[in-house]
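Reader: I've got the coordinates loaded and want to talk through the fold with you. Mind if I start with a detail and work outwards?

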Amino acid sequence: MMTGLSIQDLSMRFELPNGGAVQALEGVSLDLKAGELMSVLGPSGCGKTTLLNIVAGFLAQTSGKLVLNGHEIHGPDAERGMVFQKGALFEWMSVRENVGFGPSMKGMPSAEKRETVDHLLDVVGLQDFKEKAVYELSGGMQQRVALARCLANDPDVILMDEPLGALDALTREKMQSLVLKLWKETGKTIILITHSVEEALLLGERLIVMAPRPGRIHKEYRLPFAELGVGADLREVKKHPDFGVKRDEILAMIWDMEEEIMGRTEDAA
Amino acid sequence: MTGIFILAIYIGIFVGAFFIVTKVIAKATVKDYTSLKTVTFGDESAVRPNRWAGIISILTLFFIWGMFTGSALLPKFLHAPAPYAGTTEFTYTVEANGERDDATVTVIVHPREEETDPLEVEPGDGFAKNDSIAIAQWRSGLVRVDKNDEISKKDGAEVVAINGKPIERGQKVKIDNGTVTLSDKGTPNFAPYKGWQMEPLYLPAPEVVWKRTLKVLSEGFRNFTLWEHLGYSLFRVIAGFLLGALVGIPLGYAMGLSNWFRGWFDPIVEFMRPVPPLALIPLVIIWFGIGEVGKIILLFLAALWIMAIAARSGVSGVNISKVHAAYSLGASKWQIMRYVIIPNSLPEIFTGARVAMGVCWGTVVAAELVAAEQGAGMMIMVASRFQNTDIVILGIILIGVIGFGIDMLMRMAERYLVPWKGKG
């Protein structure tokens with residue numbers, strides 16, 4: 001049995017009420033080994049969130065196959081955890097209860113659950129906020145809770161939909177280090193969607209750039225920066241000679257795609 | 001006229017208190033963050049209710065109430081001019097067969113609730129004899145002056161002057177303590193000076209209402225104590241509301257979670273929502289009579305749609321990320337319901353419950369006005385029929401206080417039970 005996530009010739013087509021249709025994804029194929037960290041970049045409308053929602057099981061693809069650890073994916077499951085940009089914490093529960101949500105759903109014995117939750121809250125640095133209500137925490141702390149909640153369930157794959165998108169620049173840097181640390185310590189397979197090219201470079205062993213209309217994989221990179229960044233100062237990593245080169249290349253690529261979209265819209269108008 | 005005067009006093013106190021409080025007293029208050037804001041006009045968060053204004057506002061209401069009812073709580077010089085009370089007299093001149101004669105009418109003006117007999121007076125000389133009459137305050141009375149005169153109207157006697165001032169039929173003469181109008185048939189009609197105060201029949205003084213409150217408290221009203229009247233009303237509201245919530249909340253959840261339920265009940269709920277519960281009273285009385293069952297069904301219907309809509313919007317208001325997150329954390333449908341949808345919808349449901357309780361309270365009073373054996377609404381309706389204005393006012397105040405109390409309790413419960421409201 002092969003471990004990891006295999007996305008085979010995935011296509012997604014939405015029918016529109018006015019009779020038209022949108023080809024959100026076309027022929028997307030990917031193989032992720034267990035423990036790989038992949039970041040996904042692309043201009044808006046390239047289908048990256050759709051891709052993530054299909055992997056999470058919230059949407060059913062129109063064709064193609066998704067195989068995780070040898071079985072096909074249908075619908076959401078605890079084996080695929082998800083971290084959202086914001087608004088996904090349960091504000092009627094304390095930090096501890098939020099993190100313990102997955103184990104509670106599984107019916108984990110309370111002593112064991114307590115241990116798991118305590119450990120994870122230590123890992124994300126929230127040991128002093130266990131009994132707080134989540135709405136009392138700052139945005140960065142809330143995302144730490146979201147990460148811990150996802151890890152508490154011990155999923156095989158973690159899907160992150162712009163998890164740091166709503167944070168300020170400083171908090172974002174700290175959280176990027178935390179994501180790398182958690183990835184290394186837990187060895188999870190992670191797919192991370194982001195709008196920030198730097199973040200994608202820093203947090204992706206693999207990086208795919210998607211193109212729109214139809215949504216497809218445009219280019220794929222294998223990068224050393226995530227490994228370098230584990231336990232290191234990310235600002236130092238950014239000084240790596242290759243970093244700037246890659247950043248400019250990808251920025252130009254996305255820039256061209258955006259230009260093309262704009263051009264097409266202007267032609268249509 | 002009196003109304004304009006009252007409005008002028010009210011505005012005067014409003015403006016006067018404003019200047020005194022803001023220019024004199026406010027100078028001494030502490031400077032907190034909000035008070036240091038320079039932009040307050042347009043910044044709603046900088047507008048806080050002025051505590052002084054609140055206190056003065058309430059006192060002003062009682063002050064004007066007391067002023068225009070001659071309340072014993074206010075010193076006399078603050079009262080609006082009182083209606084005349086006491087004994088007064090006027091003379092009338094009768095002309096008959098070319099001769100004139102004067103006679104005096106003695107009038108006792110007495111408070112309405114004190115039965116008073118006219119004074120005995122000497123008839124006097126001449127063909128016109130002295131008369132005597134008793135008139136209640138705020139009323140007027142025909143003085144049948146020719147009743148005891150030697151020459152009556154039938155024989156051609158005609159009143160031609162009052163207090164020496166000439167008068168004709170249909171005309172009016174102002175005299176001390178009142179006016180005399182000569183009726184179309186030639187009989188003087190005396191109206192004592194009414195003053196500017198409200199008649200107790202229409203508006204009793206505050207202390208009268210208070211005394212009546214104590215009396216109703218100790219003696220009850222119409223075979224039930226005050227607490228029983230209020231208790232019945234409250235019981236109906238709570239029973240109707242609970243039944244409405246019991247059915248409405250699951251219905252709203254079902255409508256928020258299932259296409260079929262949404263399609264099936266949407267037309268019914270959307271149609272019933274704008275129907276005022278008051279409009280259902282006649283039908284409910286026809287079907288269920290005026291007993292408890294009818295009232296509780298009415299309140300059930302009043303609460304049902306509000307609670308159903310609140311629960312429905314509570315479900316649809318859940319951030320889809322929360323539901324997705326719960327599913328990918330391994331929650332089953334039932335667990336999603338129990339741990340995500342229900343807690344997420346509680347703030348909406350509490351808001352709905354507050355609205356529903358308010359509507360139910362209004363509806364129960366209205367239903368009791370129409371027909372009831374007991375209850376707050378019945379109390380004021382029956383009292384008004386017997387012109388017990390003090391009980392009507394007492395009832396209105398109690399209804400207001402209870403309605404306010406219900407809302408405050410619901411808000412406290414909300415703060416305690418759903419502290420995460422508005423924090424998502």
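Reader: Which residue in β5(B) stands opposite Y92(B)?
Author: Strand β1 (86-96) of chain B runs antiparallel to strand β5 (158-162) of chain B, with four bridges between them. Helices (DSSP runs of H or I, at least four residues) and strands (runs of E, at least two) are numbered from the N terminus, and two strands pair if DSSP finds at least two bridges between them. One of the β1(B) residues with a partner there is E95(B), facing E158(B). The residue opposite Y92(B) is I162(B).

Reader: Before we go on, what pLDDT do local features need in this model?
Author: Residues count from 1 along each chain as its sequence is written, while chains are lettered from A and ligands numbered from 1 in the order in which they are written. The model is predicted: totals for chains, interfaces and linings use all residues, side-chain atom pairs count only at pLDDT (the predictor's confidence in each residue, from 0 to 100) of 80 or more, and local features need at least 70.

Reader: Back to that strand: how many bridges does β1(B) make with strand β2 of chain B?
Author: β1(B) and β2(B) form a hairpin with two residues between them, and N97(B) in the turn has a positive phi of about 50°. Across the pair, F90(B) stands opposite V105(B). The pairing with β2 (99-110) is antiparallel, and the number of bridges is eleven.

Reader: In the five-stranded sheet of chain B, what is the strand order?
Author: Strands of a sheet pair through backbone hydrogen bonds, either parallel or antiparallel. Here the pairing is mixed and the sheet is open, in the order β3-β2-β1-β5-β6 (chain B). The edge strands have a single partner each, so one side of each has no neighbour in the sheet; they are β3 (131-136) and β6 (165-166) of chain B.

Reader: What radius of gyration does chain B have?
Author: Chain B holds eleven helices and nine strands. The globule rule (2.2 Å times the number of residues to the power 0.38, with the radius taken over C-alpha atoms) gives 22 Å for its 424 residues, so the chain is more spread out than a compact globule, with a radius of gyration of 33 Å.

Reader: How far apart are the centres of domains 2 and 3 of chain B?
Author: Its C-alpha atoms fill a box of roughly 115 × 65 × 40 Å along the principal axes. Chain B is split into domain 1 (2-78), domain 2 (86-192) and domain 3 (207-417), with bounds from an automatic or database domain assignment. Taken over C-alpha atoms, the centres of domains 2 and 3 of chain B are separated by 61 Å.

Reader: Which element of chain B gives the most to the side that touches chain A?
Author: Contact here puts the C-beta atoms, placed from the backbone, within 7 Å; on that basis 16 residues of chain B touch 20 residues of chain A. The elements of chain B giving two or more residues are α8 (320-328) and α9 (333-370). The biggest share, six residues, comes from α8(B).

Reader: Over to chain A: which strands sit at the edges of its six-stranded sheet?
Author: The sheet is open, with mixed pairing, in the order β6-β7-β8-β3-β9-β10 (chain A). Each edge strand pairs on one side only, and these are β6 (80-83) and β10 (216-222) of chain A.

Reader: And in β8(A), what is the bridge partner of L159(A)?
Author: Strands β7 (157-161) and β8 (189-193) of chain A run parallel and are joined by five bridges. The partner of L159(A) in β8(A) is I191(A).

Reader: Is D9(A) buried or exposed?
Author: Most residues other than glycine have a negative phi, and most peptide bonds are trans. D9(A), in strand β1 (5-15) of chain A, has a phi near 50°. By C-beta atoms placed from the backbone, 20 or more others within 10 Å means buried, 12 or fewer exposed, and in between partly exposed. D9(A) has 12, so it counts as exposed.

Reader: Which residue does a cis peptide bond join to R213(A)?
Author: The residue lies in the loop between β9 (206-211) and β10 of chain A. Omega is about -10°, and the partner of R213(A) is P214(A).

How values were computed:
Two residues are in contact if their C-beta atoms, placed from the backbone, lie within 7 Å.
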